[in-house]
Every structure is written in C-alpha cells, then in structure tokens.
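The following exercises are to be worked with the sequence and the 3D structure at hand. Each task is followed by a solution in steps.

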Amino acid sequence: MTDRLPPEFVSRALERIKPSLTISVTQQARALKAAGRDVIGLGAGEPDFDTPDNIKEAAIAAIRRGETKYTAVEGIPELQRAIAGKFRRENNLDYRLSQIFVAPGGKAVIYTALTATLNPGDEVIVLAPYWVSYPDIVLLAGGKPVIVETNLQAGFRLTPEALDRAITPRTKWLIFNQPCNPTGACYTREQLRALAGVLLAHPHVWVLTDDMYEHLIYENFAFLTMAEAEQRLMPRTVTMNGVSKAYAMTGWRIGYCGAPEPLVREMAKLQSQTVSNASSVSQWAAVEALNGPQDFILKFQQAFEARRDLVVSMLNQAHGLECIKPQGAFYVYPSIRNLIGKSSPQGTVIRSDEDFVRQLLEQEGVAVVQGAAFGLSPFFRLSYATSSDLLEDACRRIQRFCANLS
Ligand SMILES: Cc1ncc(COP(=O)(O)O)c(C=O)c1O
C-alpha cells in the first residue's frame, strides 16, 4: 500500500487544479502553533466575530420545529423571499422568487453557475489579483481562465480598456468581485458605468458579480452592484452574495444569487444531482440573518475600519513596504517590490513573495499569504480579521523583519 492513488485512478479534471493555497498557509501556521511556536495567523479569510445570538436562536428553533428534512433544491421559499427582499432593499434589484437560488456557500453558487454553463474552450475573464478559487473553479468546469492583471497604481481596479481588450468571441463570463479579496478594491458608480458600457457593446458576455463583502465597506463608501449601476445588464448578470462574511457565518454554508430564471433552472438541475440543497437549519438561520436586526453590521464595520487604519499605517512605516488603503473587505495587499533582492540576517535572499512569506513565518512567526497565490506578485495578503492587539504585535514583527533585511 502506498499513500497515493494510482494516477490513472484520479480524474483528469483534478490534475488541472491545486488545493487552496490560503487554506494551506492556515494549516502551516496551525501546525507551527501546535508545535509550541508563537505564531500569529493572518492568512484566514473569515471574521473573528461569533455569529449573532438571534441567528443562532433561529437555527435552534428550526431544529425544534423539525425543519430537519430535505428542502426544495433552490432553497426554502422563506429564504428566497428574504433574499428577494434584501436585493430590493439594499440593491434596488427586483428579483422574482423563481430567479433566486440558494447553495451551500457562495463558492457553491459560483461553481454551480460556471459548471452549468461552461464548455471546453469557453473563456472566463478573471481579474488578478483574484480570489484563489476563481481560476480553479473555471478549470474544473472545463473553461479557460483569461487573467487580466490590475495594478497598484490603478488601485487594483479593472479599467474599461483592459476589459475591452480581454473580450473575445469565446468569452462567456466576466467574474467581478468587489470589495475585492485580496485587495479590498471597490468601484464608484462612474467606474461601474464605464465598465458596463464595454459590456453593453458585447452582448454575449455574462457577468458574475461576487458581492460577498458588500457590507464590509468603510468611510461611508456607497456600494453598488453591477446590475444596479446598469439595469440593462440584468438579463445576463448573476448577482452573487451570501451570509458568510457579513453575518460571521462562514461555517453555516449559505450562499445565494439572483439570476435569470432559465439559468436558475439549469443550476437547480445540477444541484439536484450533487448536494441536493443547502442545510435546512442553516437556511432558517439565514432567514433570520437577512430579516432580523442589522445593527451589528455597523459594529463589525467600525471594528474592521479601525483595524484597517492601524494595519495600513503600521505597514507603511515598515521599511520597503507600500500599502494602499482599501475601502472594503478585511484584507490589505502590500507591495514588497522594494525588498526583492535583499537578504535576511541569516543570508537568505528574498527573490519572490513566496520567499518573503516563508522567511517572515520562520523568523517572526507571522503567517500571511504570498501574492503568487492570487496571481499578482510581488505582494502579500494580510487579513485583519483578528484583534487589534494581535494586529499591532504582528505589524511590529513585520516592521522588525523588514528593517533587518539588507
Ligand atoms: C471573494 C469571495 N467570494 C466567495 C467566497 C466564498 O464564500 P463562502 O464561504 O460563502 O463559500 C469567499 C470566501 O473566502 C470570498 O473571499
């Protein structure tokens, strides 16, 4: 017996993809911690807050009522109604219940939408730096990711010119995520309308907007989703969202979207033969999340905004780092361009962001994720979804690490 399957036993589709790098960094940090090292993990992408009590109570009540059976594939009508209400209230979008689809997590919504539509050779535009799963989900679904790089000077935002250049007759989707994981970049109405202008000129291109971090937005930035900025795109837009980040519910696994009804039907066909439905109990919890009090969102926002300000200020004081202040999400994406080629006191040369991240973990016990994982180097992603005390300690260690490079 070996600990590997014979290669011919493993699906060809799996050869195209790799395990999530952000999860592997988290595991590496956990292993070092278990071995007794003093490690601060800033790799994870989840809020450190607990799910609010009213949401937990709604789930407990659902269990007691016996809501423990299979549900409709597309989700329980009560949750579909809550989602339609959310889209109307917060995004000025009118979706009928037949246009609402619920899946076990936002990731499952993306996977289902792409798998339901991609054929070999179909192209999907993905902006770099990207959330690590997009290219792999596209590859798994048999499509071809077309990576369009953004840059620090443009605030990591897609420009209409770059979008226009990337579109070909084979383009099926643009995946559009804001606030962006990993950069936190957001778009104004004017910027969205400029991009929408390009999309209107290419009617074969659909848009999948990933609005997962919609509520993690700072300084009263006015979040707009693409279909709200340009209603004419509604018939070819999937507006994806979920409760994971806004309501600190990553483990409950509920994501959803509003989409044209014929696409929802295809997605339901696929889901009916895979996971059947999202957990019944989690769906009832999500009803409470969307319909219940929303005041703690403001509390989350205020805490995250203070942490963002702390982290950006301290990183910009670190020798050689360059960090812009993003308007959303809970990540920063500093450049280490000025540190490439420098050596640690032990004589290790930093040749890439992977070297930087490895050395930082080994020498200072701070776990972050290299930009290479997100398709744009030389940067790293730091998640500030942890306490200010830990963040301050971590940033001090990063400052010391950078100061010691020569
Ligand atoms: C941009 C983005 N989209 C989607 C997801 C997935 O969310 P969920 O946990 O609901 O599957 C994440 C999670 O990290 C994310 O960062």
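**Exercise 1.** Determine how the residues of the shell around the ligand divide into nonpolar, polar and charged.

*Solution.* The model is a predicted one. The shell around the ligand comprises four nonpolar, five polar and four charged residues. In total, 13 residues surround the ligand. Gly106, Asp210, Tyr213, Ser244 and Lys245 are the closest of these.

**Exercise 2.** Identify side chains that place a polar atom beside the ligand, then state how much of the ligand the protein covers and where the ligand sits.

*Solution.* Begin with the nitrogen of the ligand: one such atom lies 2.5 Å from a polar side-chain atom of Asp210. Turn next to oxygen. Asn181 has a polar side-chain atom 2.8 Å from an oxygen atom of the ligand. For Arg253, an N or O atom of the side chain is 2.8 Å from a ligand oxygen atom. On its own the ligand has 400 Å² of accessible area, and the protein covers 92% of that area. As to location, the ligand occupies the largest pocket.

**Exercise 3.** Examine the salt bridge between Glu230 and Arg232, and decide for each partner whether the residue is buried or exposed.

*Solution.* First, establish the pairing: the side chains of Glu230 and Arg232 form a salt bridge with an N to O distance of 3.1 Å. Second, consider Glu230: its relative accessible area is 7%, so Glu230 is buried, the limit being under 20%. Third, consider Arg232: its relative accessibility is 57%, and therefore Arg232 counts as exposed, since the limit is over 50%.

**Exercise 4.** Find the salt-bridge partner of Arg265, and give the count of salt bridges.

*Solution.* The partner of Arg265 is Glu261, with the closest N and O atoms 3.3 Å apart. The count of salt bridges comes to 23.

Methods. Residues numbered from 1 in each chain as written. Predicted model: local features only at pLDDT ≥ 70, side-chain atom pairs only at ≥ 80, totals over all residues. Heavy atoms only, no water. Near = heavy atom within 4 Å. Polar contact = N/O pair within 3.5 Å; in protein donor to acceptor, adjacent residues only side chain to side chain. Areas by Shrake-Rupley, 256 points an atom, 1.4 Å probe, with all protein chains shown as cover. 1 Å grid on protein atoms, 1.4 Å probe; cavity = no way out; pocket = protein on both sides within 12 Å on 5 of 7 lines; lining within 4 Å. Sits in = over half its atoms within 2 Å of the grid points. Nonpolar A, V, L, I, M, F, W, Y, C, P; charged D, E, K, R; others polar. Salt bridge = Lys/Arg side-chain N within 4 Å of Asp/Glu carboxyl O. Buried < 20%, exposed > 50% of the residue type's maximum accessible area, 1.4 Å probe, protein only.
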